[in-house]
Amino acid sequence: MASLTAVGLQANASKSFAEKLANTKTVLKEALLAHSRITQASSLGAEDVVITHLLESLKAELGLARFPADVFVLNTGKLHVETLALLANSQATSTLTWRVFEPVQEQAIQFVKTRGELAMRESLDLRKACCHIRKVEPLGRALDGYSAWMTGMRAEQSAARANVHAVDTTDAKITKYNPLVDWTWGDVLHYIVENNVPYNALHDKFYPSIGCEPCTRAVSLGEDFRAGRWWWENADGVSAKECGLHVKA
Ligand code: SF4
């Protein structure tokens with residue numbers, strides 16, 4: 001019987017879930033065998049805990065002398081306490097290596113000092129400037145020296161993500177794997193419930209997409225998946241609802 005949490009109530013595997021899961025494992029296995037250094041970007045959201053769980057399973061299954069994958073988190077300094085609690089728990093219990101990247105403190109402090117604590121809500125430029133300092137620049141450090149990375153992007157999440165592919169080689173320098181590309185939200189939560197995977201408590205407060213505390217709110221029934229991200233911005237345009245980590249130039 002599904003648990004009476006928001007996650008339990010929304011866990012609902014699609015008819016082709018078994019096939020999707022098998023495809024995801026195939027993509028991950030191929031990625032692990034093709035790259036000597038590959039890293040998973042984790043926001044500690046539902047998709048990301050699924051991928052980490054699958055990587056931990058594959059680490060045990062493949063028995064490689066050296067497992068090529070680790071996990072990284074961008075601690076922007078603005079994360080929810082629920083996210084930080086899950087990060088601490090993950091670091092303490094995971095069989096994988098976790099790397100945590102923070103913004104250059106001088107830049108973050110200077111931005112708040114000159115622009116204000118909630119400058120990101122004043123204009124798109126200021127929001128992007130904040131995301132650049134707290135996410136985009138640290139992402140560059142996180143990916144340095146790696147030939148591939150994995151994300152939890154799904155086509156269903158937004159119009160901007162509708163054309164995401166499981167394997168993206170657009171950037172010749174680094175391959176991007178999106179192994180859950182065709183999973184539904186119900187599939188993701190089904191996997192979590194079935195496998196008893198620890199997840200972010202925000203999901204039970206109706207936060208489907210996990211981001212920074214000042215820029216993320218719960219969504220209401222019928223709202224888009226990413227409606228709670230930068231909700232004051234217009235959703236039109238390629239960069240809307242994206243922080244710059246996944247936007248192609
Ligand atoms: S999501 Fe908000 S707080 Fe986080 S880096 Fe972007 S603008 Fe800054």
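How many helices and strands are there in the chain? The chain of this predicted model has seven helices and six strands.

**View 1. Overall fold of the chain.** From the N terminus onward, the elements follow the pattern α-α-β-α-β-α-β-α-α-β-β-β-α. The C-alpha atoms occupy a box of roughly 50 × 40 × 35 Å along the principal axes. The radius of gyration is 18 Å, which agrees with the value near 18 Å for a compact globule because the chain has 249 residues. Of these 249 residues, 35% count as buried. Among contacts between residues at least 6 apart in sequence, 74% link residues at least 24 apart.

**View 2. Strand E1 and its side chains.** Strand E1 covers residues 38-41. Ile 38 and Gln 40 point one way from the strand, and Thr 39 and Ala 41 point the other way. In a regular strand, side chains alternate between the two faces of the sheet. Ile 38, Thr 39, Gln 40 and Ala 41 are all buried.

**View 3. Pairing of E1 with E2 and E4.** E1 pairs in the parallel sense with strand E2 (residues 69-74), over four bridges. Within this pair, Gln 40 stands opposite Val 71 of E2. E1 also runs parallel to strand E4 (residues 148-150), and three bridges join the two strands. Here Thr 39 has Trp 149 of E4 as its bridge partner.

**View 4. Pairing of E2 with E3.** Strand E3 spans residues 98-101 and pairs with E2 in the parallel sense. Four bridges connect E2 and E3. Phe 72 of E2 has Arg 99 of E3 as its bridge partner.

**View 5. The β-α-β crossovers.** E1 and E2 are connected in a β-α-β unit with helix H3 (residues 46-62), and this unit is right-handed. E2, helix H4 (residues 81-93) and E3 form a β-α-β unit that is also right-handed. Strand E2 thus belongs to the unit with H3 and to the unit with H4.

**View 6. Surroundings of the ligand.** Which residues come nearest to the ligand? Of the 13 residues around the ligand, these are Cys 130, Cys 131, Arg 134, Cys 212 and Cys 215. By residue class, the shell divides into seven nonpolar, two polar and four charged residues.

Methods:
Residues numbered from 1 in each chain as written. Predicted model: local features only at pLDDT ≥ 70, side-chain atom pairs only at ≥ 80, totals over all residues. Near = placed C-beta within 6 Å. Nonpolar A, V, L, I, M, F, W, Y, C, P; charged D, E, K, R; others polar. Buried ≥ 20, exposed ≤ 12 C-beta atoms within 10 Å, placed from the backbone. Pairing = 2+ DSSP bridges. Right-handed = clockwise from strand over helix to strand, strands pointing away. Rg over C-alpha atoms; globule rule 2.2 N^0.38 Å. Contact = placed C-beta atoms within 7 Å.
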